[in-house]
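This report describes how the strands and helices of one protein model are arranged. The sequence and the structure are shown first.

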Amino acid sequence: MIDPTTDFVRLAEEWRDQDPDPETRAELDALLERGGSHGHADPAALEDRFGAKLEFGTAGLRGALGAGPNRMNRVTVMRAAAGLARVLGPGRHVVIGYDGRHKSDVFAADTARVLTGAGLRASVMAGRWPTPVLAFAVRHLGADAGVMVTASHNPPQDNGYKVYWGDGAQIVPPIDQEISAAIDAVGRVDALPLGEDWQTLGHDDIVVPYLRALAALPIGDAREIAVAYTPLHGVGGATVSEAFRVAGFEVPVTVSRQAMPDPDFPTVAFPNPEEPGAMDLALELAAATRADLVIANDPDADRCAVGAPLPGGGYRMLTGDEVGGLLAEHVLRHTSGGDRLVATSIVSSSLLAKIAAGHGVRHAETLTGFKWIMKTGPGLVFGYEEALGYSVGSDTGLPVHDKDGVGAALTVAGMAAAAKRDGRSLLDLLDDQARRYGLHATAQLSVRVEDLSLIAKAIERLRTYPPVELAGRAVESAEDLSQGVAGLPPTEGLRYRLSGGARIIVRPSGTEPKLKCYLEVVVPVEGDDVAPARARAAQDLEDLKKDLAVALNL
């Protein structure tokens, strides 16, 4: 945090004078001139930009575009690249990718200039390709690090800067603190030496090897499946179509209004498949084409959403936990070896632990974030998090050490095609799991805020006045995740275990101004009919949401 007594006018002038971007220079000129004379600029707007800074953490950087250290801009990106260069050192190799958001290509080029100017090697992708392509490229090329310019599924005004290490996974502590400290030591960016000699990675250099690696996934041999697909104005469309064609599937029918990258995301309120309304056009297309399967990627295609047809007509979007459970069992049935490992985050369903036990393999639980899932150890063949993120592997390992919405889409298509060949659907497979392990139903209560202090106050209120009962279920244990539990590092949040196998986790989002609450109930299935258990679970989750909302007072 910057000292609140700081002269924001001076800071703005210093920033403007080193800024290579005419747009953000003009933004600062306007703010400095607003109100009349020097010293009477727009104080609130300047403090918003210069009273704090985007903190570099395990998710890298992410924030709104604009001028100043509390925004994503060319100065912020050049400082981040300079910090990364100092930690890596001369001679190291960094692969750089970018998505279709505003200024992503500019930020990628600035990163390459700073890195090569500092004596490092840089390889920049020639196209706007999915994040998993970048994660794959780091290991495929034997690079020391990777940078992906993306804000994933954030609103249109945002962009971000995600850093990968040589293992192809996102960075974890203490590397993030080392890079953050190095960024803080960077001076003016107009004094940085800049280079122009970097390699450009074409389609055949990296996309083709990536698709070849996906061929090892447990897709199976069934191919008769009609898919309705949307990339949600992101960069997944061309790569997903090519992946399906190379794997022998019919290319998905794509929502035409969302097919091409568009940084303004004009047809959705939020470019996230989980948000209300985001899937409307895809579901309309599925109904019109009588598709067997609905698939969506988020804008950088590292996440995958799945919908299946209902017996009486229409479609139902599966939860991330439902897809995770189906993929986990599918992978374990198509891999061999006793030392296999599956992993998920603490906010995801407890079903994965039961699936692992049923198949005699190891199971690990991590903090939220795929970077932690990838660090769970050798033998990892599948990892997932409930927020639609999946890394699917085979006996040869994981082709991508991060979420991969393209590989997940292929595997789901193969799984659905095999079910269709047997006269069944993904919903039938879900019923099979419910009968085998009990129905594990999950839901979220998510509260978006303008004032981030409201989130901290809500969590502190729960710490001070912990609930003893929610929706008629006794709170059997309350764990403060900030103290570290079950061998996990400390993280902000609370976990409640309730009678009857229910569970609630409350935590702030790491990427958005949201308080997120993750609910799970486990309902036994009596006989073959799963419908009564589903109805009871749905009601139980609604009751928990209502009581939790009261407890949060938000």
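Two strands are taken to pair if DSSP finds at least two bridges between them. The model is a predicted one. With that criterion, strand β7 (residues 227-230) and β8 count as a pair because 2 bridges join them. The two strands run parallel, and A228 has V253 in β8 as its bridge partner.

**The sheet of 5 strands**

These two strands belong to an open sheet of 5 strands with the order β8-β7-β9-β10-β11 and mixed pairing. Its edge strands, β8 (253-254) and β11 (315-317), each pair on one side only. Two helices lie across this part of the model. Helix α10 (residues 280-289) crosses over β7, β8, β9 (293-297) and β11, and runs at about 160° to β7. Helix α15 (residues 426-437) lies across β9, β10 (304-309) and β11, at about 100° to β10.

**The sheet of 6 strands**

A further open sheet has 6 strands in the order β1-β5-β4-β2-β3-β6, again with mixed pairing. Here β1 (61-64) and β6 (199-201) are the edge strands, each pairing on one side only. From one strand to the next, the twist averages 15°. Helix α4 packs on this sheet and touches β1, β2, β4 and β5, with a direction that makes about 5° with that of β5. Helix α5 also packs on the sheet, where it touches β2, β3 (121-125), β4 and β5; its direction makes about 170° with that of β2.

How is strand β4 (residues 145-149) placed, buried or exposed? Of its 5 residues, 5 are buried, so β4 is largely enclosed by the rest of the structure. The side chains are split between two directions: A145, V147 and V149 point one way from β4, G146 and M148 point the other way, and all are buried.

Strand β4 is joined to β2 (residues 93-98) by 5 bridges, and these two strands run parallel. Strand β5 (residues 158-165) is also joined to β4 by 5 bridges, but this pair runs antiparallel. Strands of a sheet pair through backbone hydrogen bonds, in either of these two senses. Bridge partners involving β4 are listed below.

| Residue in β4 | Bridge partner | Strand of partner |
|---|---|---|
| G146 | V95 | β2 (residues 93-98), 5 bridges to β4 |
| A145 | W165 | β5 (residues 158-165), 5 bridges to β4 |
| M148 | K162 | β5 (residues 158-165), 5 bridges to β4 |

**The contact of α4 with α5**

Two packed helices are described by the angle between their axes and the distance between the axes. For helix α4 (residues 74-88) and helix α5 (residues 104-117), the axes come within 9 Å and cross at roughly 40°. The two helices are therefore oblique to each other. The crossing in which α4 passes α5 is right-handed.

On the α4 side, the contact is made by R74, V77, M78, A81, A82 and A85. These meet V106, F107, D110, T111, R113, V114 and L115 in α5. By class, the residues of this contact comprise 9 nonpolar, 1 polar and 3 charged.

Methods
Residues are numbered from 1 along each chain as its sequence is written. This is a predicted model: local features need pLDDT of at least 70, side-chain atom pairs count only at pLDDT 80 or more; totals for chains, interfaces and linings use all residues. Side-chain values use heavy atoms; hydrogens and water are left out. Helices (H or I, at least four residues) and strands (E, at least two) are DSSP runs, numbered from the N terminus. Contact means heavy atoms within 4.5 Å. Axes are lines fitted to C-alpha atoms, for helices over the stretch in contact, and angles run from 0 to 180 degrees between N-to-C directions. Buried means under 20% relative accessible area, exposed over 50%, partly exposed in between (1.4 Å probe, protein chains only). Angles under 35 degrees count as roughly parallel, over 145 as roughly antiparallel, 65 to 115 as roughly perpendicular and the rest as oblique. A crossing is left-handed if the near helix is turned anticlockwise from the far one by less than a right angle, and right-handed if clockwise. Ala, Val, Leu, Ile, Met, Phe, Trp, Tyr, Cys and Pro count as nonpolar, Asp, Glu, Lys and Arg as charged, and the others, Gly among them, as polar.
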